[in-house]
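User: I would like to learn how to read a model of this kind step by step, starting with how helices pack. Could you take me through it?

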Amino acid sequence: MSTNHSKQFSRDCMVQALIQLLQTKSLSNITISELTERAGVSRMTYYRNYNSMDEIFSSYLKDLIDAYREDVSGWPDKGNYNDYRNMLHCYEYFDHYREFIACLVNTGLGHLLLQALDSYILDTYYTEDKGRDFYYTLRAFSGSLYNIYVTWIMENSMESAEEIISIICKIYS
């Protein structure tokens, strides 16, 4: 296994171990020893990759966003920020990480997802020539996507991603 694959594997193990531990304990009550033992990695591996347990979440979220950017980079047309296709792809993509995102929110770190979503939407769709009104429109849009997504997963809503996106499209039509 190459060094990068080994490092990524260790990081993934720590994320999964942290999610498991957070099912029974608060973040502040989890020790590094407990985490590394559950993850099957050394304390040195933890310290080589992270400065804090919060960083485990922020680093993993950054990896998810980077992978999402790469996933959509091959699209011939990025469309509009509020296209049905874009929103559906976003919800379906992040629904694969539902457990991680629920853990993030339950731990009080949901703002990291909102910041990542804001950053992605602004980087993708905003340019200064579009003006401040459009800037605030995009910020409001990312906030509503975040709030609806978090509500959808935290309440274990029965609606499909398609139904949720249809509701959002009605809001923004």
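Analyst: Let us begin with one pair of helices in this predicted model. Helix 4 and helix 7 are roughly parallel to each other, because their axes cross at roughly 30° and angles under 35 degrees count as roughly parallel. The two axes come within 10 Å, and the crossing of helix 4 and helix 7 is right-handed.

User: Which residues make the contact of helix 4 with helix 7, and how do the residues of that contact divide into nonpolar, polar and charged?

Analyst: From helix 4 the contact draws on F57, S58, L61, I65, Y68, R69 and V72, and from helix 7 on L112, L113, A116, S119, Y120, D123 and T124. Divided by class, the residues of this contact are 9 nonpolar, 3 polar and 2 charged.

User: How should I read a crossing that is not classed as roughly parallel, and where does helix 5 stand relative to helix 8?

Analyst: The general idea is that an angle outside the ranges for roughly parallel, roughly antiparallel and roughly perpendicular counts as oblique. Here the axes of helix 5 (residues 84-95) and helix 8 (residues 131-154) come within 12 Å and cross at roughly 45°, which makes helix 5 oblique to helix 8. The contact is formed by M87, Y91, F94 and D95 on helix 5, and by F141, L145, I148, Y149, W152 and I153 on helix 8. By class, this contact of helix 5 with helix 8 has 9 nonpolar, no polar and 1 charged residues, and the crossing of the two helices is right-handed.

User: What is the make-up of the protein chain in helices and strands, and how much of the chain counts as buried?

Analyst: The protein chain has 9 helices and 0 strands, so that every element in the order from the N terminus on is an α element, α-α-α-α-α-α-α-α-α. Of the 173 residues in the chain, 43% count as buried, and the C-alpha atoms fill a box of roughly 50 × 35 × 30 Å along the principal axes. Among the contacts with a separation of 6 or more, 62% are accounted for by residues 24 or more positions apart.

User: How many aromatic pairs does the structure hold, and how does one read the geometry of Y46 with Y47?

Analyst: The structure holds 19 aromatic pairs. For each pair one takes the distance between ring centres together with the angle between ring planes, and planes over 60 degrees apart count as edge-to-face. The rings of Y46 and Y47 have centres 5.0 Å apart and planes at 80°, so this pair is edge-to-face. Y46 counts as buried at 2% relative accessibility, whereas Y47, at 44%, counts as partly exposed.

User: Where in the chain do Y60 and Y97 lie, and what is the geometry of their rings?

Analyst: The ring centres of Y60 and Y97 are 6.5 Å apart and the planes lie at 75°, so the pair is edge-to-face. This pair links distant parts of the chain, since Y60 is in helix 4 (residues 53-73) and Y97 in the loop between helix 5 and helix 6 (98-106), with their positions 37 residues apart. Y60 is buried, with a relative accessible area of 13%, while Y97 counts as partly exposed at 23% relative accessibility. Both residues also belong to a cluster in which ring pairs link F57, Y60, Y68, Y93, F94, Y97, F100 and Y120.

User: Finally, how does one read the surroundings of a single residue: is M14 buried or exposed, and which residues does M14 touch?

Analyst: One combines the accessibility of the residue with a list of its contacts. M14 lies in helix 1 (residues 3-21) and, at 0% relative accessibility, counts as buried. Not counting residues up to four places away in sequence, M14 touches L35, A39, V41, T45, Y46, N49, Y50 and I56. The C-alpha atoms of M14 and R48, which are 34 residues apart along the chain, are separated by 12 Å.

User: And for R43, what is its accessibility, and which residues does R43 touch?

Analyst: R43 has its place in helix 3 (residues 43-49) and counts as partly exposed at 38% relative accessibility. With residues up to four places away in sequence not counted, R43 touches I32, S33 and T36. The C-alpha atoms of R43 and S33, 10 residues apart along the chain, are separated by 6.8 Å.

Technical notes:
Residues are numbered from 1 along each chain as its sequence is written. This is a predicted model: local features need pLDDT of at least 70, side-chain atom pairs count only at pLDDT 80 or more; totals for chains, interfaces and linings use all residues. Side-chain values use heavy atoms; hydrogens and water are left out. Axes are lines fitted to C-alpha atoms, for helices over the stretch in contact, and angles run from 0 to 180 degrees between N-to-C directions. Helices (H or I, at least four residues) and strands (E, at least two) are DSSP runs, numbered from the N terminus. Angles under 35 degrees count as roughly parallel, over 145 as roughly antiparallel, 65 to 115 as roughly perpendicular and the rest as oblique. A crossing is left-handed if the near helix is turned anticlockwise from the far one by less than a right angle, and right-handed if clockwise. Contact means heavy atoms within 4.5 Å. Ala, Val, Leu, Ile, Met, Phe, Trp, Tyr, Cys and Pro count as nonpolar, Asp, Glu, Lys and Arg as charged, and the others, Gly among them, as polar. Rings of Phe, Tyr and Trp (its six-membered ring) pair if their centres lie within 6.5 Å; planes under 30 degrees apart count as stacked, over 60 as edge-to-face and the rest as tilted. Buried means under 20% relative accessible area, exposed over 50%, partly exposed in between (1.4 Å probe, protein chains only).
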